Amino acid sequence: MAGASNPRAVSTKIERIATLAKQMPGAQLRTLAHHIDFEWMKEAHRRVRKDGAPGVDGQTAEEYAKNLEDNLQSLLDRAKSGDHYRAPPVRRVHIPKGSGSKTRPIGIPTFEDKILQKAVAMVLEAVYEQDFLDCSFGFRPGRSAHDALQAVWKHTMDIGGGWLLEADIENFFDSVDRTRLREVLNQRVHDGVLIRLIGKWLRAGVLEGGTVYHPDTGTPQGGVISPLLANIFLHEVLDAWWTKDVRPRLRGRCALVRYADDFVMVFETEGDARRVAEVLPKRFEKYGLRLHPEKTRLVRFAKPTASSPPSGGDGGGPTSFDLLGFTHFWGRSRKGNWVVKRKTAKDRFSRTLRRIKEWCRVNRHLRISEQHAALSRKLRGHDAYFGITGNQRALNVLRWRVAKIWRKWLLRRSWKGRMTWDRMNRLLEIFPLPPARVVHSVYRVANP
């Protein structure tokens, strides 16, 4: 097939880069860009999502593919020739964040830029995956948010809770010090072509409201290469520092779990927790970052005893904490033992209900079978992430709330409003919502 990529050939090159990086830990790698050839670009194109929104040029993946080979060759030639390639600005959009009262800015590159960023990211990933530590989970091959949650669960169970430092980096993607980022990159990757391309993307500018402006700090959240740059930066700022300088100086057991810019630290002793909490803001300030003063806190998370029951109850109290959409708290297992449990965080639960409510409002005049199919897909998609051990109650409550929302908007299909609960229950017998399903079980990988 014309234009098809050769994944096996590219995988061989990636393995060579990874082997070289592993054999030369800490050394500067100066000749990497030559691996990016036409086959590499075709593989980068294959890996890029084709259903994303277009960038400032309005070009879609389908339009780009009409003359794919010529477009990729032109892009490759411009990227390697230096001044002939100019990174276009990213198109900024805002998406709801948290409860919906705030928004998160997302930068959308052009489709062509996504391909080139993916090509460079494939090289950098092969290098830095040899350096990254086990405590980091976000945007890494073969790792997921559920792996991070499992690590937190295991560490808190092994240590027995103790103290937990819940941290939040304020406006991380907009606050990255670009000079510091280049310094971190140059410690490991000193290839002129790659460094020049990354610099162009950082300086490309942002298009918002018809105006292009060039911020002095940050990396656009939403770019293909941005998550990897964030991991590289935070590996130096946090992961390596924790492993080499902090952990050896602590008295009790401890652990760090980081997913992108979200992280928690678990400590066995209060003294260790307070020492790290005192020095952590200074470490981040050294690299131009700031911990959110209100969202960064120490939590007493010790395993409850008969004389000290958990003050957080079933989650949400002072002995609970939130991470990656879940509230973590102590509760009783079926055998009566104290275990760390997780349930859907309140803000995530409310966000899901708001989105379903809006969908039902807009689509209330569709046929019942179509509405049922769409709501079923949404619930299964919810379970794919939130269906974890111990969260069955929240999943069941969600079904009940969705049924109420569905009935509310079916009532508004007509002024007659005849959708009584008796009729709704009969409808649910014909079109039942899918039952709650635990997709991710801790008992498949652990036996507490």
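Asp 51 sits in the loop that links helix 2 (38–47) to helix 3 (61–65); helices here are DSSP runs of H or I with at least four residues, strands are runs of E with at least two, and both are numbered from the N terminus. With a relative accessibility of 58%, Asp 51 counts as exposed, where exposed means over 50% relative accessible area, buried under 20%, and partly exposed in between, for a 1.4 Å probe and protein chains only. Glu 62 is 11 residues away along the chain, and its C-alpha atom is 9.3 Å from that of Asp 51.

I should state the basis of these values. This is a predicted model, in which local features need pLDDT of at least 70 and side-chain atom pairs count only at pLDDT 80 or more, while totals for chains, interfaces and linings use all residues. Residues are numbered from 1 along each chain as its sequence is written, and side-chain values use heavy atoms, with hydrogens and water left out.

Let me turn to the whole chain. It contains 15 helices and 11 strands. Its radius of gyration, taken over C-alpha atoms, is 25 Å. The globule rule, 2.2 Å times the number of residues to the power 0.38, gives 22 Å for 448 residues; the two values are close, so the chain is as compact as a globular protein of that length. Of the 448 residues, 49% are buried.

Now the sheets. Four strands form an open sheet in the order 6-7-3-8, and their pairing is antiparallel; two strands pair if DSSP finds at least two bridges between them. Strand 6 (254–259) and strand 8 (297–300) are the edge strands, each pairing on one side only. Strand 3 (residues 163–168) and strand 7 (residues 262–267) are joined by six bridges, and Asp 168 has Asp 262 in strand 7 as its bridge partner. Helix 11 (residues 270–286) packs on this sheet, where it touches strand 3, strand 7 and strand 8; contact means heavy atoms within 4.5 Å. The direction of helix 11 makes about 150° with that of strand 7. Such angles run from 0 to 180 degrees between N-to-C directions, with axes fitted to C-alpha atoms, for helices over the stretch in contact.

The other sheet to mention has three strands, is open and antiparallel, and follows the order 9-10-11. Strand 9 (321–323) and strand 11 (338–344) each have a single partner strand, so one side of each is left without a neighbour in the sheet. Seven bridges connect strand 10 (residues 326–332) with strand 11; in one of these pairs, Gly 331 is matched with Val 339. Helix 6 (residues 145–159) lies across strand 9, strand 10 and strand 11.

What, then, does the interior hold? The largest nonpolar core has 78 residues, and Phe 263, Met 265, Phe 267 and Phe 284 have the most contacts inside it. A nonpolar core is a set of buried Ala, Val, Leu, Ile, Met, Phe, Trp, Tyr and Cys residues joined through side-chain atoms within 4.5 Å. Helix 5 (residues 111–128) supplies the largest share, 12 residues. Beyond its neighbours within four places in sequence, Phe 284 is in contact with residues including Ile 169, Leu 234 and Phe 263. A second, separate core of 29 residues includes Phe 137 and Phe 386.

I close with helix 12 (residues 346–362). Its buried residues, among them Phe 349, Arg 351 and Trp 359, pack against strand 11, helix 13 (368–386) and helix 14 (392–411).

Conventions
Expected span 1.5 Å × (residues − 1).
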